[in-house]
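Colleague: I'm new to reading structures, and I'd like a close look at just one part of this one. Could you walk me through chain B and the surfaces it shares with its surroundings?

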Amino acid sequence: MHPFKYGKTVDLKEAINQLGSQPKANLIAGGTTLVDLLRLNVVTANHLIDINQLPIANIEIFEAKSSPEIGARIGALARNTDVAMHKQIIKNYPLISQAILSGASPQLRNMATVGGNVMQRTRCAYFRDTAVPCNKREPGSGCPAIGGLNRSHAILGTSESCIAVHASDMCVALVALDAQVLLSGPQGERKVALVDFYLLPGNHPEKENLLKPGEIIVQVELPHSPFAKHSHYLKVRDRESFSFALVSAACALEIKNGKIVDARIALGGVATKPWRALDAEKLLLGQSPSEGLFAKAGEVSILGAKPQKSNAFKVELTKRTVKRALLAAVGE
Amino acid sequence: MTYKISRRRFGQLAIATSALAALYEYNFAKSNIQALAKQSPAWQGGNIPKLTKVNVNFQVNGTKQAVEVDSRMSLLDCLREKLKLTGSKKGCDHGQCGACTVMVNGRRINSCLTFACMHEGDEITTIEGLAKDGNLHPMQEAFIAHDGFQCGYCTPGQIMSAVALLSETCGKQDSDVAECMSGNICRCAAYPNIVAAIQEVRKGKVNASL
Ligand SMILES: Cc1cc2nc3c(=O)[nH]c(=O)nc-3n(C[C@H](O)[C@H](O)[C@H](O)COP(=O)(O)OP(=O)(O)OC[C@H]3O[C@@H](n4cnc5c(N)ncnc54)[C@H](O)[C@@H]3O)c2cc1C
Ligand code: SF4
Ligand code: FES
Ligand code: FES
C-alpha cells in the first residue's frame, strides 16, 4: 500500500478545506470500499481524511404537515445497519431497508456509511487487478471486459469504453424513491437528484459522478413516499446471501381504487449506474395490477439492452425479476 | 569397498542438510520480508517513517493499550502483530470471509477493512476477551458441544459474530440464523453445527451476552 498521511477532523468546513487543498487526498468513512482498493493499489492516496467524527450521521423523519417537501434526511455518515433497522425507515421507506439488508454482510453493514455506499466502486474484476488494462482505472488503456469475462457486467448504459456495473443495492432503492444528495464544497452547497449524480461511462468511465474537487456528500434527502404499502426489493444472485446482484429490481406502486396512479421501477446489477426504467413505469399508469401487465413492464424495462457474450442471460432474468418484484409489491 | 554410513554419521548428515535448508528458507524469508518492508513500512514494526506514524489509544478486552502504528496498519494486523492477540484470523484481508470479525464499541466489524489509527478511544473485544474468570463464554461452550468447526480457522470470527448476533435483531428460524451469519464463511462447511450451537445459546439465553 502506498504510504499516506492520516488525519481526522470534527468540522465539515475543515474536511472540505483539507480535501480541496491536498493533492491526492481521500475521505475515509467506513473504509469497506477504500481500504479494500488501497490494499489492491487500485486506489492510491497521499492523505486520508477520516470523516467519522463529523456530525452528519443523523436520521430524521418529517411529518407531511410540518415539512411538505422533505420526508426524510439521512446523514452521509449514518451506518447502513442503522438506516435499515430504523423503525420509521422500515415504516415509511421499507424498500430502502430491504435493499440495504440484501447487500454485503452484517459486519460490513455495521461499518458502511450512506455516503460511502453512494460512492462505492464497481466490482469489475479487471478494474480490481492492476496487472491488466482498464479504462476506468487507467484512462485510455482499454477494456478487457468487452470480449473478455463479462458474465457479471452491464447490459444497460454501457459504452465502447466500459461496461462495468454499479454494484450498490441501497442506491437502486434510493433512485426509485427520487432521492437527492446534498453536496457541500468550497463553493457552497447544492442538491442533485441521485439518479443524475451518476454519469454514464461514455468515453470517460473514470469520471463516475458530478462530485467536484473538495465536495463532500452531506446527506441524502427523500420526498414523502406514497409507496410504503406496495413496494418490494428483489435481488437475484449466485448464492442466497452475501453476494452482489446479478439482477435486482426495486419496485413501488401507488394504487387508488384498484388503479396504479404512480409507479417506480429501478434496476441494479444490470446497468452502469442505478437505473430507472421510466418507460416501464409509464406503461403501468392508469392500469389495474395483473400478471400480464407486470410481464409487459418487465419486457419494456430492458428495451435497448446491449448484452455481451456471457451476460445475455440477464435480459430474460431482468424481465422475470421485474415481474416478480411487482407481483410481490401487490402482495402476490 | 562397501560404503557404510554409521547411524551417528547419518544423523549428522540429516541435521546438516535440514539446517542448510532452514538457513536457505530463513534467508529467503528474510529477503522477502525486507523487500516487503521496503514496499510497505507497516512490516518494519518499530521503524515507522514519520510521515505515516500515528499514536493511538484504545481498550482491548478491557485493557488500555497505547500503540504506535503505521497509518496503513489494519486493526487486524495491529491486534495480531503488535498486541500478539492472534485469535482473530486473516482469511482474505478484503471483507469477504469474516475470519477477522471483532467487536468495536459493541458492534461486530471486519477488522481487516479498517485502519488501527481510526480507533482512538474505542472499546475492542476479540475472541480472547470472551472468557471470564477462566470460564468460557456460553457460545464458546456451545461451539465445542456441537462440534461447530473442523479446522478451526474461521471459528474465532464465527464465535464473535454469533455473540454479536445475540443482541441484534434476528428471526427465530435456523434460516434466519444462517442469514445473520452469512458474513462468516467456513471452508470446512461446519454450518449446520454452527447454527445448532447458536440456536442452543439463544434458547437458553443464560448469561450469553458480553
Ligand atoms: C465483501 C463485500 C461485499 C459487498 N457486498 C455488497 C452488496 O451486496 N451490495 C452493496 O450494495 N454493497 C456491497 N458492498 C459494498 C459496500 O456497501 C460498500 O463498500 C460500502 O457501502 C462503502 O461505504 P464505506 O462507508 O465503507 O465507504 P468508504 O470505503 O469509507 O469510502 C468509499 C469511497 O467513498 C468516499 N466517501 C465516503 N464518504 C463520503 C462522503 N460523505 N462524501 C464524499 N465521498 C465519500 C471515499 O473517499 C471513498 O472513495 C460490499 C463490500 C464488500 C467489501
Ligand atoms: S468494464 Fe470498465 S471497469 Fe471493467 S475493465 Fe472495462 S473499463 Fe475497466
Ligand atoms: S480477513 Fe477480514 S473478512 Fe476475511
Ligand atoms: S472450521 Fe475450517 S474454515 Fe470453518
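Modeller: Here is a walk through chain B, going from its own domains out to its partner chain and the ligand. Keep in mind that this is a predicted model.

Let's start with how chain B is divided up. Domain 1 covers residues 7–46, domain 2 covers 53–129 and domain 3 covers 138–202. We'll stay with domains 2 and 3 of chain B for a while. Their centres, taken over C-alpha atoms, are 21 Å apart. Where they meet, 14 residues of domain 2 of chain B are in contact with 15 residues of domain 3 of chain B.

How much area do domain 2 of chain B and domain 3 of chain B bury between them? It comes to about 1,200 Å², with 57% of it on carbon and sulfur atoms. On the domain 2 side, three residues stand out: B:M103, B:R108 and B:I127 supply 48% of the area that domain 2 of chain B buries against domain 3 of chain B, more than any other three residues.

One of those three, B:R108, has another part to play. Its side chain meets the side chain of B:E168 in a salt bridge, at 2.7 Å from N to O. As a bit of background, side chains of opposite charge can pair when their charged atoms come close. Between domain 2 of chain B and domain 3 of chain B the count is 1 salt bridge, and there are also 7 residue pairs in polar contact, both residues being at pLDDT 80 or more. If you sort the domain 2 side of chain B that touches domain 3 of chain B by class, you get 4 nonpolar, 7 polar and 3 charged residues.

B:M103 turns up again inside the chain. Take B:E123, which sits in strand β5 of chain B, residues 123–125. Leaving out residues up to four places away in sequence, B:E123 touches B:Q59, B:M103, B:V104 and B:N105. B:E123 and B:N105 are 18 residues apart along the chain, yet their C-alpha atoms are separated by 5.0 Å.

Now let's step outwards to chain A. This contact takes 33 residues from chain B and 36 residues from chain A. Together the two chains bury about 2,700 Å² between them, and 56% of that is on carbon and sulfur atoms. Within chain B, the residues that lose the most area to chain A are B:R107, B:L113 and B:M118, which together make up 23% of what that side buries.

What about charges and polar atoms here? The count between chain B and chain A is 2 salt bridges. One of them joins the side chains of A:R39 and B:D93, at 3.3 Å from N to O. Across the interface of chain B and chain A there are also 13 residue pairs in polar contact, both residues being at pLDDT 80 or more.

Which elements of chain B each supply at least two residues of the side that touches chain A? They are β4 (107–110) and α5 (174–180) of chain B. The largest share of that side, 4 residues, comes from β4(B). By class, the side of chain B that touches chain A has 10 nonpolar, 16 polar and 7 charged residues.

There's a third player to fit in. Ligand 1 lies between chains A and B. Of the 36 residues around ligand 1, the ones that come nearest are A:L27, A:T32, A:T33, A:T113 and A:D169. You can look at a few of the individual distances. An oxygen atom of ligand 1 is 2.6 Å from a polar backbone atom of A:L27, and an oxygen atom of ligand 1 is 2.8 Å from a polar backbone atom of A:G31. With A:D169, a polar side-chain atom lies 2.7 Å from a nitrogen atom of ligand 1.

Last, a quick look at the partner chain itself. The domain assignment of chain A gives domain 1 (5–50) and domain 2 (231–329), and the centres of those two, over C-alpha atoms, are 36 Å apart. Chain A also has a salt bridge between A:R123 and A:D36, with the closest N and O atoms 3.6 Å apart. A:R123 lies in the loop between α7 (114–118) and α8 (170–176) of chain A, while A:D36 is in helix α2 (residues 34–39) of chain A, so the pair ties together parts that are 87 residues apart in sequence. Over all chains, the count comes to 27 salt bridges.

Terms used: Residues numbered from 1 in each chain as written. Chains lettered and ligands numbered in written order. Predicted model: local features only at pLDDT ≥ 70, side-chain atom pairs only at ≥ 80, totals over all residues. Heavy atoms only, no water. Domains from an automatic or database assignment. Contact = heavy atoms within 4.5 Å. Buried area = accessible area lost by both parts, 1.4 Å probe. Salt bridge = Lys/Arg side-chain N within 4 Å of Asp/Glu carboxyl O. Polar contact = N/O pair within 3.5 Å; in protein donor to acceptor, adjacent residues only side chain to side chain. Nonpolar A, V, L, I, M, F, W, Y, C, P; charged D, E, K, R; others polar. Near = heavy atom within 4 Å.
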